[in-house]
Amino acid sequence: MDQPHGHRADAAGIAIAALLLAAAGVIAWDMTTLQITSVYGVGPKAMPIVVAAGLALLAAGNLIMALQGGLPAREEIDPKAIQRILGGLAALIAVIGFGGGFIIATALLFAMTASAFGRKAFHIDLAIGFVLALVAYLLFAKLLALSLPMGPLEALL
Amino acid sequence: MDAFASLAHGLAVAVQPANLMFAFVGVLLGTAVGVLPGIGPALTVALLLPVTFKLDPAGSLIMFAGIYYGGMYGGSTTAILINTPGESASLATALEGNKMAKAGRGGPALATAAIGSFVAGTIATVGIVFLAPWLVEIAIRFGPEDYFALMCVAFVTVSATFGDSPVRGLTSLFIGLTLGLVGIDSLTGQARLTFGVPELLDGIEVTTLAVGLFAVGEALYVASRRDKYAETVEPVRGSLWMTKADWRRSWKPWLRGALFGFPIGALPAGGAEIPTFLSYSTERRLTKHPEEFGKGAIEGVAGPEAANNASAAGTLVPLLTLGLPTSATAAMMLAGFQQYGLNPGPLLFAERPDLVWGLIASLFIANMMLLILNLPLVGLWVRLLAIPQPWLYGGILVFAAMGTIAANPSLIELTMLAVFGVMGFLMRRFDYPIAPVVIGLILGPIAESQLRRALSISLGDTLVLLRSPLSATLLAIACIALVAPFVLRGLSRLKSLPD
């Protein structure tokens, strides 16, 4: 499955190491914006220093692992499935952002996710998602008094 | 016999009709979602946390404990009937259990798993009753430096010591610690890592992180490689009941499994994988039917399943007495306590004995309910496995979105959910463990405040960490646990070099 002695550099692993280093840099930069430090003991900067230093060290560790080809073997993935789920989440955020309400937004998310898993009947799934969202809304917003995003449909209920 | 008096008091709380109902709802939900492939107990608690915000604390904590125990029972059903265990703790069960199901002995496999879980869960809960007050007596004398050192041990063991790769485990932990920095610093009131976004001032919600990593990340991962997975559900054929020979071969593995599981779970070592595999290899060595191992030996289901449940109960000991979560589910339970402004630890035992002991007593009741729910009704749960995957994951994401937006009605929160989902997907793809992120987020800020409290008491003298014998010992253990995997690796590499 994996070749422990295959010393091939792994581009994704190098990217992970670079991301970790970038995160360490962001923490270090953010820390310089702190003004107040405590009189005694360690102030609010100590923990960021430790975390940033740790991340930088781990970036080095991950880089070594990537250069030695120590990352696990990865399978082919289906980018379309990922796009559909992320599209569903984007649709959810957009619909709620434009005031479309909880039910329409989650019905869309349901149907998009189902299509990512290979379903072809988008309209049927949209209907199922709508019923599910409606039941969830009635149960949680009406019975348990949770505040869920309102839209034209929710206003009718 | 103080423990018994407290327990009796707790039982009186637990048998109140409302709390019985919460326990029942908990075990029902726990079993249902435990059976569903793709949802573990940690995700279930995370999804339900925001929903229960307005309920009574004792009741919802009892419900969460029921979910925790129920998830363990349900997970074993999935492991036996589909050969894809939802969590690593069920791996050992799947080894023999799925073979038994294929050979038409799925009924006895499910039965020995359920009864073994009950036996081990009960033994482990008795263990909590005796161990918890004793640990509380000790913990009451802990200073902030001792707590800090203890958390260092937990950080290291959870991320580095027992995983596949210490570098990857520590990377996960530090991602969690980074996320824990976000928000207003509690001592000086300054914002850290908020980048001017007001929604980030309160810090990152543990539930949003957990739901993103577990639900969205899992959905992305499974969808992206869906064609490689052909799950087949083994039908439960033949008798559900165990024969006399099955009983004779099961009872000792149950007891041994409980003895492996509880102490290892109670140590801040994290993970139920070690006791389950210890139990599996022990049963394999002790069995009178070695020829059956690998083909469906009942001992190989009974032992690991008991160990799994006992260690789940064991993790409640450090959680309740020290406020120290050592698994993702325990971290979510801690978030549940925090949601009500409660901090598990010795003080909680003193201030809210009704709540703590009510919770412990309800574990006995939950266990009994689970045995009844799982033995005769197992056929019902198996039906849940027939939900088509597209609808299952569609539903999971709908509830993930609902839980997130109910906790914090803002688009930023939903965006974070999506971002954490992508992060969870990448972590799964590149084999970084998920639990240390959640534990880093929830425990990082606590560790920081304990350290700063210790150092402000000592007027900034860092030697205070070494002056307390306990904290010095714990820090030494943390150092050893951190270095050990690297040293062992180096040694094994040296040995393998000649060839």
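Trainee: What share of the contacts in chain B with a separation of 6 or more comes from residues 24 or more positions apart?

Mentor: Good place to start, and keep in mind that this is a predicted model. Contacts in chain B with a separation of 6 or more are the ones counted here, and residues 24 or more positions apart account for 82%.

Trainee: How many helices and strands does chain B have, and what is its radius of gyration?

Mentor: Chain B holds 22 helices and 2 strands. For 499 residues the globule rule gives 23 Å, and the chain comes close to that, so it is as compact as a globular protein of that length. Its radius of gyration is 22 Å.

Trainee: Why is B:Pro166 classed as buried or exposed, and which is it?

Mentor: Let's place the residue: B:Pro166 sits in helix α8 of chain B, which covers residues 166–181. The cut-off for a buried residue is 20 or more other C-beta atoms within 10 Å. Because B:Pro166 has 22 such atoms within 10 Å, the residue is buried.

Trainee: Which residues does B:Pro166 touch, leaving out those up to four places away in sequence, and how far in space is B:Phe486?

Mentor: The residues touched by B:Pro166 are B:Ala160, B:Pro485 and B:Phe486. In sequence, B:Pro166 and B:Phe486 are 320 residues apart. C-alpha to C-alpha, the distance between B:Pro166 and B:Phe486 is 7.5 Å.

Trainee: Turning to chain A, how far apart are the C-alpha centres of domain 1 and domain 2?

Mentor: Chain A is split into domain 1, residues 11–67, and domain 2, residues 79–156. The distance between their C-alpha centres is 38 Å.

How values were computed: Residues are numbered from 1 along each chain as its sequence is written. Chains are lettered from A and ligands numbered from 1 in the order in which they are written. This is a predicted model: local features need pLDDT of at least 70, side-chain atom pairs count only at pLDDT 80 or more; totals for chains, interfaces and linings use all residues. Helices (H or I, at least four residues) and strands (E, at least two) are DSSP runs, numbered from the N terminus. A residue is buried if 20 or more other C-beta atoms lie within 10 Å of its own, exposed if 12 or fewer, and partly exposed in between; C-beta atoms are placed from the backbone. Two residues are in contact if their C-beta atoms, placed from the backbone, lie within 7 Å. The radius of gyration is taken over C-alpha atoms; the globule rule is 2.2 Å times the number of residues to the power 0.38. Domain bounds come from an automatic or database domain assignment.
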